[in-house]
Amino acid sequence: MTPPPSSAGKTWDAIVVGAGHNGLVNACYLARAGLDVLVVERNDWVGGAATSRSLYPGFLYSNCSYVCSLLRPEIMRDLELPKHGLQVVPYEGGVILKQDGGYLGTFRDHDAHRREIGRHSLRDAEAYDRYSAEVIRQCRFIRPFLLRTPPDPTSLKPRDVQELLYLGRKFYDLTETEMADTVRFWTMSIAEFLDEFFETDVVKAGFCISGIIGTALGPLSPGTAYVLLHHYMGDVDGAIGAWGFARGGMGAISESLASSFRASGGTVRTGASVDKVLVENGRATGVVLDGGEEIRGRLVVSNLDVKRTFLKLLEEPQLPADFVKKVKNFKIRGSSGKVNIALDGLPDFPALPPSAPFLRGDMHFTDSVERMEGAYDDWKAGRWSADPFLDMMIPTTIDPTMAPPGKHFMSCFVQYCPPKVEGHDWTDAERDGFAKTVVDQIAEYSPNFKDLILHMEVRTPREIERETGLTEGNIFQGELTFDQLLFNRPVPGYAQYRAPIGGLYMCGSATHPGGGVMGAPGRNAAAEVLRDLKKPAKDMSDAYPVL
Amino acid sequence: MRRALPREHFEKPLWHTPFHPRIAALMTHEQWYGWGGYLSPQVIRDEEMEYFAIRNAASLFDVSPMVKYRIAGPDAEAYCDRLTVRDVSKLKPGRVHYTAWCDDEGKVLDDGTLFRFSPTEFRLCCQERHLPWLLDSAIGYDVEIAEVTEDIAALSLQGPTSYAVLRDAGFAGIETLKPFDIRAFETAAGPVTVSRTGFTGDLGYELFVPPDQALALWDLLWTAGQLHRIVAIGFAALDLARLEAGFIMAGSDFVPAEHAIRADRRRSPYEIGLGWLVALDKPRHFNGKRALAAEKAKNAFRHCLVALDIDGNVPAEHALVYHRGKREVGHITAAAWSPTVKRNIALASMTRPYGDTVVNDLWVEIYALRELVYSKSLVRARIVERPFFNPKRRSATPPGVF
Ligand SMILES: Cc1cc2nc3c(=O)[nH]c(=O)nc-3n(C[C@H](O)[C@H](O)[C@H](O)COP(=O)(O)OP(=O)(O)OC[C@H]3O[C@@H](n4cnc5c(N)ncnc54)[C@H](O)[C@@H]3O)c2cc1C
């Protein structure tokens, strides 16, 4: 916990509530523009869902988010994050282990990847390029919108009209077929989309993964094709769709942001939970901490999700009734869990050729779309999945900094884990039951796995929410469905980062363009704040053009 | 049936072709490159010597990585006619033709050669992989389509003495093989299928055998070739010869439609100099016909491919083409100084009407790196006929002995 700065009674230019990576990105840009900025964070550490925590001696856990691709390169560069310690290393392989003893691996080498798919289907092997080209086409359409404030379609302000025209023009630039494909892509299910390219179950299961991560939808639910895009539109050094590890865990991202922020004169106060946003004469004028301490600010930016910001830190009567209703209706269903494990050594997977790079990437055990949908069916019934879907990584196969030599940190992201169990709050026994399904699944393919476990942190949505404040543990601060994107995120009429209360802004993943460790909401919100203050956005470079 | 792909396929992702032991033995500088997942020679010993083997004697190039599909069945002709833009009913058994195929919007997916072995059996050879497209196009046809790249080892024997090599190697009757003929020969290396085709614009042949006969075939040609100055070559030499011959390459001179991420990069056959292939009048419908007919009727092509003769002797690789030295009207897709025609040649993709009706006053901007300094020059380019080089020996039957 940082001691309160000796600035009692002072009025900050801006107070950012929450030191999630978006709060920090926002604070960095505001500080660079010359504002005197305070970030208040409830936890004793920074980062929100992008942290590295030492929960077992010698080990660092990326205990929420675990892989990086979305973080905008413009932000890394503007804020000089490499100088402050950030390094992102691409990962190498990946595999789906099949129930019948087979597997489907991933290779960075194009021909190796084609042949690997060809072991399962020659047709699918040759469909791969077609598929990637189509996904990249869709990415190219969406990427220019990431670092732009969405237009308000009901406004006649020149800027909104201009932005709407931009959106329209981007769409109009498409050929007739592309328009049709784009509209279909944004609305169809990932399974249907994949059916148009592939015939083999395991191949489809592999490409489905990005369509369901973090989303309370199954691979057969409409809208999941877009979710795939959300996971594909990032890059590692220009390699679109590639993912990597932040060296030192995801906390390295947040630490580098905090360091950059401090270097521009900003102040971070951890261990300080905001209880209320102060509102006077319809304007936000500061915050009140748990315990009653008041901190004054000319404006307040909230990094929390919209439900927490408006339903907890504000009083309903302070807000337009219609707005409150929409915030309440904002879909923010928790659907993911996480099991973080310290291992005494690298687990054996006898089904895999030892020379393959599979362990240096994402590993899965769900070999069909049907099994994935089955895992979702359990979620709908309010249960954790009997046959869970895992996105499993062993970052220490690449990153030497997260565990002692020879030991490994394993991150198991579990898609589908309900926010409540059959309607009631999770109990510790149920949490352990959830963990057992995960551990058992891995052990089915790795005989020595259980013996290697040194320590395990199990996180259902209950634990995720408790630590990060993400409502229901929803990893994106709200579902990434089409009805909640662009000018409808988080709420129609309020997509431009301004709350219905003067001087109050939103900068978390609940705003456009959404969740993941991307930084774009934080940056876009800073641009709006500075616009209102009529201050030039210093060090905010233009979004890189999509050539 | 096909062998399953081995689990360890990735350990060396550039596989060896059946001829690899012979090429590796000749290779002096280890200048390899990856061709569709196979280890292929860029240069084996000396690029210039290899190029001159193509134009002066006989060159041997391993084309096994070329993608091959077997198309067979009662509807094979109708299917190929539907798939490709040329009139396949005019392709007789025992003949090959160069062709192209398009998507439904008339954009080129690839170009390649279509071999007809019998009324019901064809082989399609190309650069890119198309199995999903080929299978989808087959719906409703009684035809079987199989990817057979690995099942066939292939050599390209090109150059003025190539006929003499085959004659001396015991290919009885080879003198009667006309350009684009295919025939099976009984040889000391077993049965060999030969077509009089190639990618050099010279006298030349392509030879096909099952992989287990590959080395015997190589040795047969190599031995017979000694008296005829045979040289094993890498792709660098071939690339220059193909430019002189005016041949285009997928991925270099055009982007295959299925891989084009940017819609405006796709090209119709008319836009890449392949309009002469498109048989709009053939009786059967074919993929892309509607779009191509409309494009043709409206003269709506946006681009054209031209052959350029450029002043000076500095190759114009990657250069932009300007009209009146100011307006950007196209870009060079391939360029070289041609040792054989002694001209500075190039292929360029142009934005119409430039290159089509506006053909004068074209300039290219060339950056020549000389001892770490770029010297920039704007030089004159003139549109000329393709191919740049087309010797009579290429088509003479019986071929001469040079
Ligand atoms: C389990 C899990 C796995 C994920 N995996 C990935 C991944 O691999 N890759 C990826 O790109 N994304 C991943 N995500 C998503 C991504 O981590 C989040 O979308 C992103 O980190 C959210 O950032 P944020 O700054 O918008 O909000 P948050 O990180 O939620 O930040 C909000 C901050 O506010 C603080 N706070 C809350 N309440 C208060 C209060 N009252 N007073 C003061 N402070 C408060 C919180 O402690 C927190 O620090 C994952 C998320 C989770 C939960």
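**Two chains and a helix that serves both sides of the story**

Student: How many residues does each chain give to the contact between chain A and chain B?

Tutor: Happy to start there, with the reminder that this is a predicted model. The contact draws on residues of both chains. Chain A gives 29 residues and chain B gives 30 residues.

Student: Which residues of chain A lose the most area to chain B?

Tutor: Put together, chain A and chain B bury about 2600 Å², with 55% of it on carbon and sulfur atoms. Three residues of chain A together account for 30% of what that side buries. They are Arg115(A), Glu126(A) and Arg130(A).

Student: With which residue does Arg130(A) form a salt bridge?

Tutor: Between chain A and chain B the count is 4 salt bridges. In the one formed by Arg130(A), the closest N and O atoms are 2.5 Å apart. The partner is Glu258(B).

Student: Which element gives the largest share of the side of chain A that touches chain B?

Tutor: Elements giving two or more residues to that side are α3 (110-118), α4 (122-142) and α6 (176-187) of chain A. The largest share is 10 residues. That share comes from α4(A).

Student: Are α4(A) and α9(A) roughly parallel or roughly perpendicular to each other?

Tutor: Helix α9 of chain A covers residues 224-232, and its axis lies 10 Å from that of α4(A). The two pack at an angle of about 80°, and angles of 65 to 115 degrees count as roughly perpendicular. Therefore α4(A) and α9(A) are roughly perpendicular.

Student: How many charged residues does the contact of α4(A) with α9(A) have?

Tutor: Among the residues making this contact are Tyr131(A) and Val135(A) of α4(A) and Leu228(A) of α9(A). By class, the contact has 9 nonpolar residues and 1 polar residue. As for charged residues, there are none.

Notes. Residues numbered from 1 in each chain as written. Chains lettered and ligands numbered in written order. Predicted model: local features only at pLDDT ≥ 70, side-chain atom pairs only at ≥ 80, totals over all residues. Heavy atoms only, no water. Contact = heavy atoms within 4.5 Å. Buried area = accessible area lost by both parts, 1.4 Å probe. Salt bridge = Lys/Arg side-chain N within 4 Å of Asp/Glu carboxyl O. Helix = DSSP H or I, 4+ residues; strand = E, 2+ residues; numbered from the N terminus. Axes fitted to C-alpha atoms, helices over the stretch in contact; angles between N-to-C directions. Parallel < 35°, antiparallel > 145°, perpendicular 65-115°, else oblique. Nonpolar A, V, L, I, M, F, W, Y, C, P; charged D, E, K, R; others polar.
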